[in-house]
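Here are a few short exercises to work through with the model open beside you. Try each task before reading its solution.

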Amino acid sequence: NRTTVMNAYNDLSSEGLIEGHVGRGTLVKRSSFRPEEDYFDQTTPSWLLGLAANESALIGPDARVVSELTSLKEREEIISLAQGTPPVDMLPAELIQSIIADSLDEARLSALGYCPVDGLLSLRRNIAARMRKRGVRVDVQNILILSGSTQGLGLLGRFLLSPGDEVVVEVPTYLGAIQMFRALGARIIGIPTDSEGMRVDLLEAILARRQPRFIYTLPTFQNPTGVLMSIERRRRLLQLAKRYQVPIVEDDAYGEIYFGEESPQPLKALDNYGNVLYLSTYSKMLAPGLRVAWLAAPEPVIERMGLYKQTFDLNTNAIGQWIIAELIRRDLLDEHLQRARQCYQRKLTLMLDAIETYWPAGGRVYPPAGGMHLWYRLPQDMRARHLLREAAHERVAFVSGELFHVDGGGHHYIRLSFASPEEKHITEGVRRIGVAMRRLMAR
Ligand code: PMP
């Protein structure tokens, strides 16, 4: 209302805070310089108030959820089943200590100097060799080391997308990727998934009508559902990508954390055409604090991404790369992974048993064959957000399903991470969620 605005102006003017200038409008009044007052001035600098004109696009509403999840583990009274990360006792401190004690002295330059932009050659070689064992035809020139696969999503996203471009993702999909693509101004097209992974039959109609810049997929132990995409779907996806000339970004953060006999091959192993841009990370296999991940892609992509990456961080954490290269060279990584797989599988069984014991009937569990997450459909029409609120009173946390959905769905689903909590906390955490569920159902 105009009168309200005028009254507000009059109030500000009577307090001497603003002044009117004919032809220039009303401005904040310049105060005369008073050093002692300026020194103790506690008001916010004006540039900070409007830091980025497009702040809400750069930092989406879910960003705070993620940063809260990562700090939850620091609050001891809360049992967090929210974060997909190795547990404290699987972070390989002793291995890293022994490597540093034996060899850091001789490796000063490679571990503590700037390293080549594309990454430490020894690590790139080791990664290429390990990928060949998993059926992917790559060599050292196809590998670019990254500061976390999040950086890879950002670099590929910036390189392939302009604001307003479309990108295809699975529904549900990894929250961090949704945030990244949104921050880059992409329009996101969601393709539903089922027990065999992305509904590739629904993808074709999209590719025929629209021109997404790439398809983002998690074919192996998908986050959040844990699903392993079937071979038929993988073949069909590659055929479609080739026919419509769309690159695929494969995110394989969990591929080496399998509970069966054999390591499932990446989608990239079936890619004869060079259409798959493959990302993986040591965050789940070893330790997220190392911030070491990699991109495997055709050489022209690696070359361009390397030059582009240099602009942002010059090079990746060298000591982290050196530690991993040494772990692989000393044949210690596979041993570590073997222990981690056994540990996570045992924890998953514990979680499933606790759900069976403590939760009311009517929900549905989706037990994964690998990874760190368990996907769950809540009983009846219970809403994940309501349960989360009740669960907070019980001091237990998980992630509510809609955060992984770009189509407004997921309200009746939750994601529980079984890898990071201690075993006793898995049972207790599940029990507490059961208490919260029954309380909601009694309403
Ligand atoms: N991709 C997926 C599927 C993930 O779950 C995560 C970690 N939550 C990442 C990427 C990010 O990994 P990084 O630590 O390498 O950035």
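**Exercise 1: a strand residue and its surroundings**

Leaving out residues up to four places away in sequence, I248 touches F214, I215, T217, L237, A241, N275, V276 and L277, where touching means C-beta atoms, placed from the backbone, within 7 Å. This is a predicted model, in which local features need pLDDT of at least 70, side-chain atom pairs count only at pLDDT 80 or more, and totals for chains, interfaces and linings use all residues. Residues are numbered from 1 along each chain as its sequence is written.

Task: find out why I248 counts as buried.

Solution. Start with its place: I248 belongs to strand β9 (residues 248–251); strands are DSSP runs of E with at least two residues, numbered from the N terminus. Next, count: I248 is buried because it has 22 C-beta neighbours inside 10 Å, and the cut-offs are 20 or more for buried, 12 or fewer for exposed, and partly exposed in between. Finally, look at L277: its C-alpha atom is 6.0 Å from that of I248, although 29 residues separate the two along the chain.

**Exercise 2: two faces of a strand**

Task: determine which residues of β4 are buried on each side, and how β4 pairs with β11.

Solution. First, recall that side chains in a regular strand alternate between the two faces of the sheet. In β4 (residues 143–146), I143 and I145 are buried on one side, and L144 and L146 on the other. Then follow the pairing (at least two DSSP bridges): β4 and β11 (residues 293–296) are antiparallel over four bridges, with L144 opposite L295.

Technical notes. Contact = placed C-beta atoms within 7 Å.
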